[in-house]
Amino acid sequence: MSKFESSIKQIPYPQAAVYRNLSDLSNLEKVRDRVPEDKVKDFSFDRDSVSLNVDPVGLITLRICDREEPKCIKFETAQSPLPFNLWIQVLPVTETTSKMKLTLKADIPFMLKGMVSGPLQDGVEKIADALAQIPYE
């Protein structure tokens, strides 16, 4: 298993607000306009899953498989060319701020590891950056 972690992101909202928003994927409606249409197609979601088509990867569907209120949301792939798990950890810093880290674990075949490790690490960091900028009010 290969592991990719984002840097820790500071969020100017309380842990409970961040968790509440991220654990219900229908809240992605708030950020739909921030999704780059030239890179992501067929972006859809409901409370427990999200699907998107990313060139050149293809269709990826993630489903929430576990919620540990208020600190962790775990996802698994329902559809993906490369199966993986993703965790979003949210921890309190103060009563009004929190911090977040994303972790992705994937079973990458040795032949592909050199090609996909860089883009996966970059992708995890970009997702963490985007999640840190959401207004969690």
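How many aromatic pairs does a search of the whole structure find? The search finds 2 aromatic pairs in this predicted model, and the first two views show them in turn.

**View 1. Tyr13 and Tyr136 form an edge-to-face aromatic pair.** The ring centres are 5.9 Å apart, and the planes meet at 75°. This pair links distant parts of the chain, its members being 123 residues apart. Tyr13 belongs to the loop between strand S2 (9-11) and helix H1 (15-22), whereas Tyr136 belongs to the segment after helix H2 (110-132). Both Tyr13 and Tyr136 are buried.

**View 2. Phe43 and Phe45 form a tilted aromatic pair.** Here the centre-to-centre distance is 5.4 Å, with 55° between the planes. Phe43 has a relative accessible area of 17% and is therefore classed as buried.

**View 3. Cys65 and Cys72 are not joined by a disulfide.** A disulfide is a covalent bond between the sulfur atoms of two cysteines. A search of the whole structure finds 0 disulfides. Why is Cys65 without such a bond? The closest cysteine sulfur to that of Cys65 is in Cys72, at 9.1 Å, which is too far for a bond; the cut-off is 2.5 Å. Cys72 is likewise in no disulfide, its nearest cysteine sulfur being that of Cys65. The surroundings of the two residues can also be described by accessibility. Cys65 counts as partly exposed, at 42% relative accessibility, while Cys72 is buried, with a relative accessible area of 7%.

**View 4. Glu29 is located in the loop between H1 and strand S3 (40-45).** Is Glu29 buried or partly exposed? Glu29 counts as partly exposed because its relative accessibility is 46%. Along the chain, Glu29 and Asp46 are 17 residues apart, and their C-alpha atoms are separated by 9.6 Å.

**View 5. Helix H1 is mostly covered.** Of the 8 residues of H1, 6 are buried. These buried residues are Gln15, Ala17, Val18, Tyr19, Asn21 and Leu22. They pack against several strands, namely S2, S5 (58-68), S6 (72-79), S7 (84-92) and S8 (98-106), and also against helix H2.

**View 6. Helix H2 has a kink at Val116.** The kink is about 50° and comes shortly before the proline Pro119. H2 has 23 residues, and the distance from its first C-alpha to its last is 32 Å, close to the 33 Å expected at 1.5 Å a residue. Within H2, the residues Val124, Ala128, Leu131 and Ala132 are buried. The contacts of the buried residues of H2 are with strand S1 (2-5), S2, H1, S7 and S8.

**View 7. Strand S8 pairs with S1, with S2 and with S7.** What is the sense of the pairing between S1 and S8? S1 and S8 run antiparallel and are joined by 4 bridges, and Ser2 has Ala106 in S8 as its bridge partner. The pairing of S2 with S8 is also antiparallel and comprises 3 bridges; Lys9 is partnered by Met100 in S8. Between S7 and S8, which run antiparallel, there are 9 bridges. Pro92 has Ser98 in S8 as its bridge partner. A hairpin of 5 residues connects S7 to S8.

Terms used. Residues are numbered from 1 along each chain as its sequence is written. This is a predicted model: local features need pLDDT of at least 70, side-chain atom pairs count only at pLDDT 80 or more; totals for chains, interfaces and linings use all residues. Side-chain values use heavy atoms; hydrogens and water are left out. Rings of Phe, Tyr and Trp (its six-membered ring) pair if their centres lie within 6.5 Å; planes under 30 degrees apart count as stacked, over 60 as edge-to-face and the rest as tilted. Helices (H or I, at least four residues) and strands (E, at least two) are DSSP runs, numbered from the N terminus. Buried means under 20% relative accessible area, exposed over 50%, partly exposed in between (1.4 Å probe, protein chains only). Contact means heavy atoms within 4.5 Å. The expected span of a helix is 1.5 Å times one less than its number of residues. The bend at a residue is the angle between axes fitted to the seven residues ending there and the seven starting there. Two strands pair if DSSP finds at least two bridges between them.
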